[in-house]
Amino acid sequence: MQQKIVLIGGPGTGKTTIINELIKKGYYCMPEVSREVTLKAKEEGIDQLFLTEPLLFSKMLLEGRENQYQKATKLDKEIVFFDRGIPDVHAYMDYFKTEYPDYFLEKCKKYEYTKIFHFSPWEAIHTTDNERYESFVESVKIDKFLVKAYSDLGYNLINVPFGSIEERTNFILNSLTSE
């Protein structure tokens with residue numbers, strides 16, 4: 001049975017760096033969808049779609065993450081890693097106090113993941129860029145909503161310790177094989 005592994009945490013906690021390292025090691029990884037959605041909106045002249053139309057942005061994210069999940073299911077891969085999962089969408093909506101339809105939560109229950117690795121906020125590595133504009137303080141607050149969203153769905157989060165890229169990657173890989 002395929003393992004679907006999600007890396008979660010606030011912005012700037014090292015998830016994408018570890019995803020890139022896993023790709024180098026030959027693992028199949030699904031990229032973070034929000035960067036793609038944000039860049040597409042910018043091409044259409046919308047600077048911050050999440051801030052101007054949060055529900056539309058979130059619907060696009062939900063659709064993108066659902067498509068990733070379905071694509072992963074069709075792959076002949078034992079393990080697929082995801083840079084964020086479907087529950088991230090409603091966690092962010094909760095953080096921004098944006099109302100959303102029930103189907104956001106229904107999709108979270110329909111598409112289940114095998115394991116969730118949590119990256120705690122880490123000020124030493126936190127940076128911002130054109131797609132990631134959240135401060136470290138905002139990252140800490142968002143992280144609490146992410147932990148709650150996954151915990152409320154019954155997931156046990158595995159906390160990834162701070163360390164080098166290699167140490168963090170090895171921690172995840174060892175956690176998968178240690179059962």
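Q: How do I read burial here: is Glu134 buried or exposed, and at what relative accessibility?
A: Start with the cut-off: a residue counts as buried when its relative accessible area is under 20%, and as exposed when that area is over 50%. Keep in mind that this is a predicted model. Glu134 has a relative accessibility of 9%, so it counts as buried.

Q: Where along the chain do I find Glu134?
A: Look in the loop between strand 4 (115–119) and helix 7 (136–152).

Q: Which residue is 123 places from Glu134 along the chain, and what separates their C-alpha atoms in space?
A: Here you read two separations side by side, one along the chain and one in space. The residue is Pro11, and 6.8 Å separates its C-alpha atom from that of Glu134. You can try that reading on another pair, Thr38 and Leu61: they are 23 residues apart in sequence, and their C-alpha atoms are 9.8 Å apart.

Q: What about Thr38 itself: where does it sit, and is it buried or exposed?
A: Thr38 belongs to helix 2. With 9% relative accessibility, Thr38 is counted as buried.

Q: Which other residues of helix 2 are buried?
A: Along with Thr38, the buried ones in helix 2 are Val33, Ser34, Val37 and Ala41. Now look down the axis of helix 2: its buried residues fall within an arc of 130°, so they line one face of the helix. Turn to the other side of helix 2 and you meet Glu36 and Glu43, which are exposed.

Q: What caps the N-terminal end of helix 2?
A: Follow the side chain that reaches a backbone nitrogen at the helix end. Glu32 does the capping, with a side-chain oxygen 2.8 Å from the backbone nitrogen of Ser34. As for its place, Glu32 is in the loop between strand 2 (28–30) and helix 2.

Q: Is Glu32 buried or exposed, and what does it touch?
A: Use the burial cut-off again. Glu32 has 11% relative accessibility and so counts as buried. For contacts, leave out residues up to four places away in sequence, and Glu32 touches Arg65, Asp83 and Arg84. With Arg65 there is also a polar contact, side chain to side chain, at 2.7 Å.

Q: Can we try the burial and contact reading on a residue in helix 1, say Glu21?
A: Sure. Glu21 lies in helix 1, which covers residues 15–24. Its relative accessible area is 19%, so Glu21 is buried, since the cut-off is under 20%. Setting aside neighbours within four places in sequence, Glu21 is in contact with Ile165 and Thr169.

Q: What should I notice when I look at phi angles?
A: Look at the sign. Most residues other than glycine have a negative phi. Arg84 has a positive value, with phi near 80°. Lys97 has a positive phi too, near 55°.

Q: Where are Arg84 and Lys97, and is each one buried or exposed?
A: Arg84 lies in the loop between strand 3 (79–83) and helix 5. With a relative accessible area of 5%, Arg84 is buried. Lys97 comes just after helix 5, in the loop that leads to helix 6 (103–110). Lys97 counts as exposed, at 74% relative accessibility.

Q: How many residues of helix 5 are buried?
A: Here you count along the whole element. Helix 5 spans residues 87–95 and is mostly covered, with eight of its nine residues buried. Among them are Pro87, Asp88, His90 and Tyr95.

Q: How do I read a pocket: what is the volume of the second largest one, and which residues line it?
A: Take the volume, then the lining, then the classes of residue. The second largest pocket has a volume of about 240 Å³. Its lining includes Pro31, Glu32, Glu36, Lys40, Met60 and Asn67. You have met Glu32 already, as the cap of helix 2.

Q: Which helix gives the most to that lining, and how is the lining made up by class?
A: Helix 4 gives the most, with five residues. Helix 2 (33–43) and helix 4 (54–74) each supply at least two of the lining residues. By class, you get four nonpolar, three polar and four charged residues around the second largest pocket.

Conventions:
Residues numbered from 1 in each chain as written. Predicted model: local features only at pLDDT ≥ 70, side-chain atom pairs only at ≥ 80, totals over all residues. Heavy atoms only, no water. 1 Å grid on protein atoms, 1.4 Å probe; cavity = no way out; pocket = protein on both sides within 12 Å on 5 of 7 lines; lining within 4 Å. Points joined across faces, edges and corners; volume = space filled by probe spheres on them. Helix = DSSP H or I, 4+ residues; strand = E, 2+ residues; numbered from the N terminus. Nonpolar A, V, L, I, M, F, W, Y, C, P; charged D, E, K, R; others polar. Buried < 20%, exposed > 50% of the residue type's maximum accessible area, 1.4 Å probe, protein only. Arc of directions from axis to C-beta. Polar contact = N/O pair within 3.5 Å; in protein donor to acceptor, adjacent residues only side chain to side chain. Contact = heavy atoms within 4.5 Å.
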